[in-house]
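Trainee: Could you take me through one part of this model in some detail? I'd like to look at the patch of charge on the surface and how it sits in the chain.

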Amino acid sequence: MMLPLLQLGKSSLTSQAFMKGLIQGAIYAGIVIALLFLCLLPLIVKHIRKKQAKKTAAIKAKKSSKVRASQELKTSLKPEEPGKPIVATFSESRILEKQDKRAS
């Protein structure tokens, strides 16, 4: 009659130890995942910012090429009159200034 009592006590101790280990493992796993996420967060943010920068650069390049094309169309439609100075756009004047600085 003593034998079933011992088995009952051992099984409850075993299940308690198992549950304790399971909970402890879950807590440690949560801590490890949180630490990994916190360490990788700056890399994730950097990757996202790079993607956004590439997209905005592509959009700006597309817009500037459209603006340049429309400006070229406007200037090519106007006939040049001899004696009148040619008006350069802001970007063209900057390029000319840079070339003048390099030459001197």
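**The charged patch and its setting**

Mentor: Sure, let's start with the whole chain: it has two helices and zero strands. Keep in mind that this is a predicted model. Now go to helix α2, which runs over residues 90-103 and holds Lys98. On the surface, Lys98 gathers with Arg94, Lys101 and Arg102 in a patch of positive charge. How exposed is Lys98 itself? Its relative accessibility is 48%, so Lys98 counts as partly exposed, because that label covers values from 20% up to 50%. As for the rest of the chain, 0% of its 104 residues count as buried. The exposed area comes to about 10300 Å², with carbon and sulfur atoms supplying 69% of it.

For the wider setting, look at residues 27-45, which an unreviewed UniProt entry annotates as "transmembrane region". In the model that stretch is 100% helix and 0% strand, and the C-alpha atoms at its ends lie 27 Å apart. So much for the annotated stretch; back at the patch, the residues to pick out on screen are Arg94, Lys98, Lys101 and Arg102.

Note on methods: Residues are numbered from 1 along each chain as its sequence is written. This is a predicted model: local features need pLDDT of at least 70, side-chain atom pairs count only at pLDDT 80 or more; totals for chains, interfaces and linings use all residues. Side-chain values use heavy atoms; hydrogens and water are left out. UniProt positions are given in the numbering used here, feature names are shortened, and annotations may be inferred rather than shown by experiment. Helices (H or I, at least four residues) and strands (E, at least two) are DSSP runs, numbered from the N terminus. Buried means under 20% relative accessible area, exposed over 50%, partly exposed in between (1.4 Å probe, protein chains only). Accessible areas come from the Shrake-Rupley method with a 1.4 Å probe; for residues, only the protein chains shown count as cover. Patches are made of residues with over 30% relative accessible area and no salt bridge: like charges are joined within 9 Å, nonpolar side chains (Val, Leu, Ile, Met, Phe, Trp, Tyr) within 5 Å. A salt bridge is a side-chain nitrogen of Lys or Arg within 4 Å of a carboxyl oxygen of Asp or Glu. Lys and Arg count as positive and Asp and Glu as negative; His and the chain ends are not counted. The place of a charge is taken as NZ of Lys, CZ of Arg, CG of Asp or CD of Glu.
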